[in-house]
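Hello,

Here is the structure I promised to pass on to you. Please open it beside this email, and I will walk you through what turned up.

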Amino acid sequence: MAAIISDKFRIFNAKQFLESLTEGATDTSSERSRMYFFVGRPQPWRAYLEVYSKNATAFAVGNEVYVGTYGSTAFRATVAAVYDSALLLTDVFGSAGINSAPSIGSDLKGRTGGSGGSDTGATAKSGIYRYATEDVPPLPLDNQREKISLYDELIAAKRITDAFARTVIRRYNWDMVANPKFDMWKPDYSATPGGGGQIGKQTATGASSIADAKFYVMNSAYEVFKCLYNGEDPSNSTGQNATEEPTVAGGNYDAATGLYTETTGAGYVWKYMYTLPTDDVLKFLSSDFMPIVLPTETSRVAVVSTATAGACDVALIEDAGSGLPASQTFFTSIKGDGTGGVVELVTNGSGAITSANIESRGSGYTYANVIFSNGNLFSDAGLSSAVTTGASAAAAVEIVLPPEGGHGSDHETELNGKRVMTNIRLTYSEGSGDFPVDNDFRRIGIVADPLRYGTTTFETRDTVSGLKAVKVTGATADYSVDEKITQTVTGGTAYGTVVSWTLDSGSTTAGVLKYIQTNDAHTDQGVVRAFESNAANAISGESSAASGNVDTGYGSALLGVTFASGLAAPEIENNSGDVIYVENRRLITRAPDQIEDIKLVIEF
């Protein structure tokens, strides 16, 4: 059965995404979507290998793990970390490295000393494997387990409002070297599929759909124009190069219709669409994409107000023909379901058409024809003085009809706005410290409708912390970011990894320790144990040798989180909301004096 998912479906989804940010009477309305941009993953990327059925001999950091015979193995790697049910690996060796994944259920062996060493006796079965290095982040997975890991490693999130999002389209600058020729807008481009049975129509630049066509341009004044005519005629079936930069300040611009017509070269006709305001240029203009302004933007409002449904702006000569009244200028009405359309035609001495121009645009056309038989041609624009046409007269002129609603009525649909860009600026440690500046991150994404921690209430704050925290006093040294911390707690040992350590103002021993806990790296006998408000049991750093106690009497807000008895929970409920976008990337290092502008482009 032949079927397609149309570009209109993608455009619809992009529109819905933006509209959802402002729907509903209040910020907590069920109709409204509360989107949050998040950063996470402070720890380095390593290859991840799930293991099970381990024997009593433990794998050790620095040793190797391999499959098969050591000297001819297809897979071996160095152990970087040992978890209860997984190994982190570096220096993965094998056929092309990244392609050397061990099959699930393979027999793993531990070894020390490389080729001159010996097996340690550690064995296990291999499970899920994900290759990764700091230069090659792993591909995100779309499953529940990945979502849980994402929340475990979430650092902070910032609210996305309509001020931080725009529909975007591919960027085409006015540049006669990079972009010498443009496609004209037409309603009937289509592909020629393999297997025959259909012949399509390509654009001047070889695209097979308007969605892929290069039919608009941004000029040097950040004004966006749509190409309605590109010099195409019977002798130039693929159009010609443009010669004049369209601009609303030019003498060839008609403010009443929004059309700019070249007076030189191919005679391009451009339709003005909007002008980018400075704020949109700074936030949403990138090397590859440019924004469509909001519906309320002044220049767009003016264009929409003058859009005329079914108006005819371009008459395209398909066949110059012959036998028409020679060397004359005459007029004919545009036949179809609209009214008021008139075309001006000029012929040469052979009775062939040399030019065809719209005399009156008319309105309401969904189909249109130009008829040359006797009784249809007139010597005046009022169509009152008929011109006799011989029986042998033949020619063809195509009236290129506008999109539904007319040119400039629906910018997103007309310009194929199926992508949304969000621009999030992280300014220092904004959110009173929600975004730490003493660590890096390797994951960004968007989550919809997360909940406030410990509640069923939608989160609505501008920024929220995803980290757990301890108010520490009496620290013997500074804790190091990315080091493991431990505390003896009821039933065993609590483990965590430091994300941020910030000393109190004027202190060298008291501060806020923010950390993550994951169900891979921080289990004790299969359980991730919580740190406790216990002043007697110190929190120790594995590599820094720092040791400090929980300030059990502390119960104030500090660095973006609120403490009770020296402990602070994340502000966002774990595993709540829907993760709609995830991107794993190389590390992005933060600094106290640094601002990051992060642009995400989501294609629907």
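Let me start with one residue: is Thr 78 buried or exposed? Thr 78 is buried, because its relative accessible area is 17%, and the cut-off for buried is under 20%. Please keep in mind throughout that this is a predicted model.

Thr 78 sits in strand β4, which covers residues 75–82. Leaving aside neighbours within four places in sequence, Thr 78 is in contact with Gly 62, Asn 63, Glu 64, Leu 88, Leu 89, Thr 90 and Asp 91.

The last name on that list deserves a look of its own. Asp 91 belongs to strand β5, residues 86–94. Its phi is near 50°, a positive value in a residue that is not glycine. Unlike Thr 78, which is buried, Asp 91 is exposed, with a relative accessible area of 61%.

Another aspartate has a positive phi too: for Asp 482 the angle is near 75°. Asp 482 is found in the loop between β26 and β27, the latter being residues 484–489. With a relative accessible area of 32%, Asp 482 counts as partly exposed.

Now to the cores. The largest nonpolar core has 40 residues. Within this core, the residues with the most contacts are Phe 182, Met 184, Trp 270, Tyr 274 and Leu 415. Several strands each supply at least two residues of it: β10 (216–218), β11 (223–229), β13 (259–261), β14 (269–275) and β16 (314–322). If you would like to click through one of these residues, try Leu 415. Apart from neighbours within four places in sequence, Leu 415 is in contact with Ile 169, Phe 215, Tyr 216, Lys 226, Met 273, Tyr 274 and Ile 292. There is also a second, separate core of 27 residues, and Leu 18, Ile 444, Ile 446 and Ala 448 are among its members.

Some of the strands that feed the largest core also turn up in a sheet. Five strands make an open, antiparallel sheet in the order β10-β11-β14-β13-β12. At its edges are β10 and β12 (253–254), each of which pairs on one side only. Inside the sheet, β13 and β14 are joined in the antiparallel sense by three bridges. There, Tyr 260 stands opposite Trp 270 in β14, and Trp 270 is one of the residues with the most contacts inside the largest core.

A second open sheet has three strands, in the order β17-β19-β20, again with antiparallel pairing. Its edge strands are β17 (329–333) and β20 (353–360), and each of them pairs on one side only. On average, neighbouring strands in this sheet are turned by 25° against each other, direction ignored. Five bridges hold the antiparallel pair of β17 and β19, where β19 is residues 342–347. For a landmark, look for Ser 333, which stands opposite Val 342 in β19.

Further along the chain, which strands pair with β26? Strand β26 covers residues 468–473 and pairs with β29 (residues 511–516) over five bridges, in the antiparallel sense. Two bridges join β26 to β36 (residues 567–568), also antiparallel, and two bridges join β26 to β33 (residues 547–550), antiparallel once more. Val 472 is a good residue to pick here: its bridge partner in β29 is Gly 511, and Val 472 also stands opposite Val 550 in β33. For the pairing with β36, Val 470 stands opposite Leu 567.

Finally, a point you may ask about at the bench: how many disulfides does the structure hold? The count is zero. Why is Cys 227 not bonded to Cys 312? The closest cysteine sulfur to that of Cys 227 is in Cys 312, and it is 17 Å away, so the two are too far apart for a bond. A disulfide would need the two sulfur atoms within 2.5 Å. Seen from the other end, Cys 312 is likewise in no disulfide, with the sulfur of Cys 227 as its nearest, 17 Å away. Cys 227 counts as buried, because its relative accessibility is 0%, and Cys 312 is buried as well, at 0% relative accessibility.

Happy browsing, and do write back with anything you would like to talk over.

Best wishes

Methods
Residues are numbered from 1 along each chain as its sequence is written. This is a predicted model: local features need pLDDT of at least 70, side-chain atom pairs count only at pLDDT 80 or more; totals for chains, interfaces and linings use all residues. Side-chain values use heavy atoms; hydrogens and water are left out. Two strands pair if DSSP finds at least two bridges between them. Helices (H or I, at least four residues) and strands (E, at least two) are DSSP runs, numbered from the N terminus. Axes are lines fitted to C-alpha atoms, for helices over the stretch in contact, and angles run from 0 to 180 degrees between N-to-C directions. Buried means under 20% relative accessible area, exposed over 50%, partly exposed in between (1.4 Å probe, protein chains only). Contact means heavy atoms within 4.5 Å. A nonpolar core is a set of buried Ala, Val, Leu, Ile, Met, Phe, Trp, Tyr and Cys residues joined through side-chain atoms within 4.5 Å.
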